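Reader: Hi! I'm a first-year student, and I'd love a close look at a single part of this protein, with its surroundings explained step by step. Please tell me what each term means as we go.

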Amino acid sequence: MSEVETEPKVLSIEEKRKQKRIVFVHGLEGGPNKWKARFLREHYDCVCPDMSSILKRERSPFRNPLIAIIAGSAASTIAFGAYSLWQFWNSKKPLWLIASVAVSFLGFKVSQFLFRKGVQRLVALCYSLQVNSVSHSKPDLVIASSFGGMMAVMMAISGVWKGPMLLLAPAQRVVAEKAGIPLHLVVPPEDFVWPRIIHGTHDTTIPLAHSEDLAQSAVNSHLTVVDDNHTLH
């Protein structure tokens, strides 16, 4: 009895897309229910780890003690500075002016240090979430937007993710500067192969030059510049 050969099923473009798994790493103002994530879920098997709860918690002085300390430090610095200036105005003693300048400078440095620690903590928490997602989801492609670009770049440099990647106006340099993270930790080695980067010419949030530098620092990378702003509609 001869075997009946069956024709292989021809998949539509939409069906082929649905077979591709994507991890989408959203930005600070993004999330699983925002338009980029919704669009990707409509056309692909898309996983979007939710960083919004982490971002909300870390920005709240009631949930993050660092924010409360920064606010208290700033308030104390302003109050003592004003008091010192008032005393200088009335007594004309230079010591009060020196004290005002010294306390203001010290308060600024303390606030800056605590702010950087807060950003570092935020980056570490979000990075851990994304590493777990990529490890469990095993995607075919990672797409990262803005702040999420920092997570994606860190995963690529550390070797957590070695597959294709699409970066949308990545903010790795801006985040690194705010967190006091050395830039060499968010710049790929010369022999690293990057995929595509997309950046808008009207982006006032992340400078286009940052994506240009990132594209030039890697082999066979490709930067597409589009007539759009940071949202990249």
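Author: Happy to help! Helices (H or I, at least four residues) and strands (E, at least two) are DSSP runs, numbered from the N terminus. The model is a predicted one, where local features need pLDDT of at least 70 and side-chain atom pairs count only at pLDDT 80 or more, while totals for chains, interfaces and linings use all residues. Residue numbers start from 1 along each chain as its sequence is written, and side-chain values use heavy atoms, leaving out hydrogens and water.

Our part is strand 4, and leucine 167 is a good place to start, since that is the strand where you will find this residue. Is leucine 167 buried or exposed? Leucine 167 counts as buried because its relative accessibility is 0%; buried means under 20% relative accessible area, exposed over 50%, and partly exposed in between, with a 1.4 Å probe and protein chains only. For contrast, try leucine 106, which belongs to helix 5 (residues 94-137). Leucine 106 has 55% relative accessibility, so it counts as exposed.

Now look sideways from leucine 167. Alanine 144 stands opposite this leucine, and methionine 165 in strand 4 has valine 142 opposite it. Strand 3 and strand 4 are parallel partners, joined over four bridges; two strands pair if DSSP finds at least two bridges between them. Try a distance here too: 8.4 Å separates the C-alpha atoms of leucine 167 and valine 142, although these two residues lie 25 places apart along the chain. You can find a similar case in another region, where the C-alpha atoms of leucine 106 and threonine 77 are separated by 8.4 Å, with their positions 29 residues apart along the chain.

What about strand 3 itself? Four of its five residues are buried, so strand 3 is largely enclosed by the rest of the structure. Besides pairing with strand 4, strand 3 runs parallel to strand 1, and four bridges join the two. Phenylalanine 24 has isoleucine 143 of strand 3 opposite it. Strand 1 is mostly covered, with four of its five residues buried. Strand 1 also pairs with strand 2 in the parallel sense, over three bridges. Arginine 21 and aspartate 45 in strand 2 are bridge partners.

Step back, and these pairings fit into an open sheet of six strands with parallel pairing, in the order 2-1-3-4-5-6. Which strands sit at the edges? They are strand 2 (45-47) and strand 6 (222-226), each pairing on one side only. On average, neighbouring strands of the sheet are turned by 20° against each other, direction ignored. Axes are lines fitted to C-alpha atoms, for helices over the stretch in contact, and angles run from 0 to 180 degrees between N-to-C directions.

Helices come into the picture next. Helix 2 lies across strand 1, strand 2, strand 3 and strand 4, and runs at about 180° to strand 1. Helix 6 (residues 147-158) also packs on the sheet, where it touches strand 1, strand 3 and strand 4, and its direction makes about 140° with that of strand 3. Contact means heavy atoms within 4.5 Å.

Follow the numbering beyond strand 4 and you can also look at helix 7 (residues 172-179), whose buried residues are Gln172, Val174, Val175, Ala176 and Ala179. After helix 7 comes glycine 180, which has a positive phi, near 70°.

Finally, place our part within the whole protein chain, which has eight helices and six strands. Along the sequence, the pattern reads α-β-α-β-α-α-α-β-α-β-α-β-α-β. Of the 233 residues, 39% count as buried, and leucine 167 is buried as well. Among contacts between residues at least 6 apart in sequence, 72% join residues at least 24 apart. As you turn the model, begin at leucine 167 in strand 4, step across to alanine 144, and then look for helix 6, which touches strand 4 along with strand 1 and strand 3.
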